[in-house]
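Visitor: I should like to learn how to read the features of a structural model. May we work through one together?

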Amino acid sequence: RWRARAGVLLKEAHSGAPSLRGGQSCDDLTSTQQLRLATGLVFGDAVVADASICATLAHLIGRRSLDGLEELRIERAADGRDWRPICSALRGGALPKLAFLDLGNNSLGDAFCAALADALSADPAAVLRCVSRLTLSANRIGCAGAARLAGPVAEGALPRLQFLALAWNQIGDAGAEAMAARGKLGTFRRLEGLYLHGNRALSTAGLDALAARLTPEPRHSQIDARLTLDDRPPGPPLWPDGPSCALPSLQTLTLPKGHAEHEGMRVACSARWPYVQVKFWS
């Protein structure tokens, strides 16, 4: 595991990895095999605030120097920067082992969602194919960005995705509906955790619509629903007659605290098997 601070990679107790000399930068490492041994990178403290460093990261991803990564966290580091080169570098199957991708608190906005969606649509089976947890919280993502991401996910992109964090953004009713409307399709059928707390633009009407999508259809039996508990191979689970509701594998849902009294959502979640734990957080 490696930690990046102020453009310098520092060793952080990664067993078996070679030592790095103090002051060794990303550019110094591109000609070595050392980065290929890294299983985790954590960037922060404005390390990607310089556009050239952002471009360097895209270069490293594109040349497959980071293909050993299993975790990548970039937090409070890329405020307002152009991430299109990084998203483009993901095409072709870069970062094939990456399971955890955390890009929270970067103010990436809807433009990033559009760039990531384009990369996912270009090669849905290869781009970030092992990511199981994606965090895009606190990024000023609105309804347009949420809807843009929902498209390729509904078509099967991010095939191993289980947890999607979109908390503390600007997603309103239209964005939540865009995801819920596709909730029976593609990778949405595998999603176990959806985190939407802090999205204050969500209204009671929006939660009414979301609850309706999450409510199982009477024609489906609990036996069908229990299929979501099985150990599943890669790809969405199978239901004899198709999933009975949106997000059929969902186990945890977080929503803005201001809607804690929303009875319709509690009823919808308790009507499912297995029961969906709904939490109302600030």
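Visitor: Among contacts between residues at least 6 apart in sequence, what percentage join residues at least 24 apart?

Guide: In this predicted model, the figure is 84% of the contacts between residues at least 6 apart in sequence. The protein holds nine helices and 10 strands, and buried residues make up 53% of its 282 residues.

Visitor: Where may I look for one such pairing around Asp67, and which residues does Asp67 touch?

Guide: Asp67 sits in the loop between H2 and S4. Leaving out residues up to four places away in sequence, Asp67 touches Ala94, Leu95, Pro96 and Lys97. The C-alpha atoms of Asp67 and Leu95 are 4.5 Å apart, while 28 residues separate the two along the chain.

Visitor: Why does Asp67 count as buried?

Guide: A residue counts as buried when its relative accessible area is under 20%. Asp67 has a relative accessible area of 16%, and therefore it is buried.

Visitor: Which residues are in contact with Gly193, apart from its neighbours within four places in sequence?

Guide: They are Gln162, Phe163, Leu164, Leu250 and Thr252. Gly193 belongs to strand S8, which spans residues 193–195. With a relative accessibility of 0%, Gly193 counts as buried. Its C-alpha atom is separated by 9.1 Å from that of Arg133, a residue 60 places away along the chain.

Visitor: Let us turn to the helices. At what angle do H5 and H6 pack?

Guide: The angle is about 10°, and the axes of H5 and H6 are 7 Å apart. Angles under 35 degrees count as roughly parallel, so H5 is roughly parallel to H6. On the H5 side the contact is made by Cys143, Ala146, Ala147 and Ala150, and on the H6 side by Asp173, Ala174, Gly175, Ala178 and Met179. By class, the residues of this contact are seven nonpolar, one polar and one charged.

Visitor: How is helix H6 placed against helix H7, and at roughly what angle do their axes cross?

Guide: Helix H6 (residues 173–181) and helix H7 (residues 204–214) have axes that come within 9 Å and cross at roughly 5°. H6 is therefore roughly parallel to H7. Asp173, Glu177, Ala180 and Ala181 of H6 meet Ala205, Gly206, Ala209, Leu210 and Arg213 of H7. The residues of this contact divide into five nonpolar, one polar and three charged.

Visitor: I now wish to read the internal spaces. How many cavities of 30 Å³ or more does the structure hold?

Guide: The structure holds three cavities of 30 Å³ or more. The largest cavity has a volume of about 110 Å³. Its lining comprises 16 residues, and those closest to its centre are Trp83, Ile86, Leu90, Leu101 and Leu103. Helix H2 (51–62), strand S4 (71–74), helix H3 (84–89) and helix H4 (109–122) are the elements that each give two or more residues to this lining.

Visitor: How do the residues of that lining divide by class?

Guide: The lining of the largest cavity has 16 nonpolar residues, no polar and no charged.

Visitor: Which residues line the second largest cavity?

Guide: Leu134, Leu149, Ala150, Val153, Leu158, Leu164, Met179 and Phe188 line that cavity, whose volume is about 60 Å³. Helix H5 (residues 143–154) supplies the largest share of the lining, three residues. The lining has eight nonpolar residues, no polar and no charged. Two of the names have appeared already: Ala150 of H5 and Met179 of H6 take part in the contact between those helices.

Visitor: Finally, what should I look for in the backbone?

Guide: Most residues other than glycine have a negative phi, and most peptide bonds are trans. Departures from this pattern may be sought one by one.

Visitor: Which residues other than glycine show a positive phi here?

Guide: Asn105 has a positive phi of about 60°, and Leu128 has a phi near 50°. Asn105 lies in the loop between strand S5 (100–102) and H4, and Leu128 in the loop between H4 and strand S6 (133–135).

Visitor: Are Asn105 and Leu128 buried or exposed, or partly exposed?

Guide: Asn105, at 38% relative accessibility, counts as partly exposed. Leu128 is buried, with a relative accessible area of 2%.

Visitor: Where is a cis peptide bond found?

Guide: The bond from Trp273 to Pro274 is cis, with omega near 0°. Pro274 is placed in the loop between helix H9 (263–270) and strand S10 (277–281).

Definitions and conventions
Residues numbered from 1 in each chain as written. Predicted model: local features only at pLDDT ≥ 70, side-chain atom pairs only at ≥ 80, totals over all residues. Heavy atoms only, no water. Axes fitted to C-alpha atoms, helices over the stretch in contact; angles between N-to-C directions. Helix = DSSP H or I, 4+ residues; strand = E, 2+ residues; numbered from the N terminus. Parallel < 35°, antiparallel > 145°, perpendicular 65-115°, else oblique. Contact = heavy atoms within 4.5 Å. Nonpolar A, V, L, I, M, F, W, Y, C, P; charged D, E, K, R; others polar. 1 Å grid on protein atoms, 1.4 Å probe; cavity = no way out; pocket = protein on both sides within 12 Å on 5 of 7 lines; lining within 4 Å. Points joined across faces, edges and corners; volume = space filled by probe spheres on them. Buried < 20%, exposed > 50% of the residue type's maximum accessible area, 1.4 Å probe, protein only.
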